[in-house]
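Me: I've got a fold open on screen and would like to talk it through. Could you take my questions one by one?

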Amino acid sequence: MSRTLSRRLLLAAGLAAPALISARSARATEEVDVELVLAVDVSRSVDAQEMEMQMSGYAAAFRDPRLAEGIAGGPLGAIAVTLFVWSDWNIQHTLVPWMRLDGAAACARFAAAVDAASRETYLYTSISGAIDYAARQFGTRYSGLRQVVDISGDGVNNSGRPLAQAREEALAKGIVLNGLAVLDQTPQPSALLAGLPPVDEYYRDQVIGGPGAFLMVAEGYESFSGAVRRKIIREIATAPGPRVERAYA
C-alpha cells in the first residue's frame, strides 16, 4: 500500500471517529420520560413457586393496556425499563437489558423477555447491593426525566454495606426509590426470634425515598401480580396516591 493511500485511510478514519462517538453518545442519551429499574429479590426466602409468581406478575403488568396508556400520556410518550435479580452483596444479574417502551407492542416484547428469563435463587438479602447496582444502570443508554428504582423483597438487609449508606448516595443523585414489600404469610421462626421489624415497616422507614416515593405492600405472594401491576402503572403515570398502598389476593 502506498504512503499516500495510507495517509488518506488514516485521515478518513480520524474524521469518522468523532461521528461514531457522537452517534454512540446520542444513543446513550436518548431521552425518555422515566428510566425504570426493576430490582427483584431472589434470596433464599423466595422459593421456586414464589419466584415464578414474581416474574409472571411483572410480565402480566406489562401486558396490561393501562400501562401502555400511561406511557402514552407522558411528555415524551416513551420510557426505558430494565430488570435484574439480586441476593447477596455481590450477586446482581441483569435478566432483561434496557428496552425502550413506547406502546403496547413494545410492552408486549418486554413481557415476553421477562417470561423467557431464567429463574434464579440464591442466599442472602443485600438491599444495599441492589441499590448500588441499580444506581449504576442509569444514564448508560437513556436519559430519563425521572430515574426510579422499583425494589421488591420480603426481608431485611443482611449482606453487604449498611443500607442507609447506599440509600443516601442514591437519593443524593436524584434517584427515587420505591418499594414492593411482600409479606410472607408463614414467616421464618428465626426472623421472629431475632425481633426483626415487619417488612412493610422496614421498607417504609429504611428503603423508599425521594420525591413522590411510595411503598406497595403485597399481602402474600398470591397478591404479587396485582400489586406490581398497580405499582408500575402508578410509577409511569406519576399518579398521586398514599405513601403506602396495600394489595390483597
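Below is a short back-and-forth about this predicted model.

Me: Let's start with the inventory: how many helices and strands are there in the protein?
Reply: The chain has 249 residues, and buried ones make up 47% of them. As for secondary structure, the tally is 9 helices and 7 strands.

Me: In what order do the strands sit in the sheet?
Reply: Strands of a sheet pair through backbone hydrogen bonds, either parallel or antiparallel. Here the pairing is mixed and the sheet is open. Reading across, the order is β3-β2-β1-β4-β5-β6-β7.

Me: Which strands stand at the edges?
Reply: An edge strand here has a single partner, so one of its sides is left without a neighbour in the sheet. From one strand to the next, the twist averages 15 degrees. The two edge strands are β3 and β7 (244–247).

Me: Zooming in on β2 and β3, which residue is the bridge partner of Val85?
Reply: Strand β2 covers residues 79–86 and pairs with β3 in the antiparallel sense, over 7 bridges. For Val85, the partner in β3 is His93.

Me: What angle does α2 make with β1?
Reply: Helix α2 packs on the sheet and touches β1, β2, β3 and β4 (142–153). Comparing its direction with that of β1 gives about 160 degrees.

Me: And α4: at what angle does it run to β3?
Reply: Helix α4 lies across β1, β2 and β3. Its angle to β3 is about 165 degrees.

Me: On to the charges. How far apart in sequence are the parts that Glu30 and Arg100 tie together?
Reply: Glu30 and Arg100 form a salt bridge, with their closest N and O atoms 2.8 Å apart. Glu30 belongs to strand β1 (residues 30–41) and Arg100 to strand β3 (residues 92–101), so the bridge links parts of the chain separated in sequence by 70 residues.

Me: Are Glu30 and Arg100 buried, exposed or something in between?
Reply: The in-between class runs from 20% to 50% relative accessible area. Glu30 comes out at 29%, and Arg100 at 32%. Because those values fall in that range, each residue counts as partly exposed.

Me: Which helices does the salt bridge between Asp115 and Arg63 tie together?
Reply: The closest N and O atoms of Asp115 and Arg63 are 2.6 Å apart. Asp115 is partly exposed at 37%, and Arg63 is partly exposed at 45%. The pair joins parts 52 residues apart in sequence, because Asp115 lies in α4 (residues 104–116) and Arg63 in α2 (residues 48–63), so the helices are α4 and α2.

Me: In the salt bridge between Arg66 and Asp64, which residue counts as buried?
Reply: The closest N and O atoms of this pair are 2.7 Å apart. Arg66 is partly exposed, with a relative accessible area of 48%. Its partner has a value of 10%, and buried means under 20%, so the buried residue is Asp64.

Me: Which residues do salt bridges that share partners join into one network?
Reply: The count of salt bridges comes to 15. Through shared partners, one network takes in Glu30, Arg100 and Asp102.

Me: Last one: what share of the accessible surface belongs to carbon and sulfur atoms?
Reply: The accessible surface of the protein comes to about 11800 Å². Of that area, the share belonging to carbon and sulfur is 56%.

Note on methods: Residues numbered from 1 in each chain as written. Predicted model: local features only at pLDDT ≥ 70, side-chain atom pairs only at ≥ 80, totals over all residues. Heavy atoms only, no water. Salt bridge = Lys/Arg side-chain N within 4 Å of Asp/Glu carboxyl O. Helix = DSSP H or I, 4+ residues; strand = E, 2+ residues; numbered from the N terminus. Buried < 20%, exposed > 50% of the residue type's maximum accessible area, 1.4 Å probe, protein only. Pairing = 2+ DSSP bridges. Axes fitted to C-alpha atoms, helices over the stretch in contact; angles between N-to-C directions. Contact = heavy atoms within 4.5 Å. Areas by Shrake-Rupley, 256 points an atom, 1.4 Å probe, with all protein chains shown as cover.
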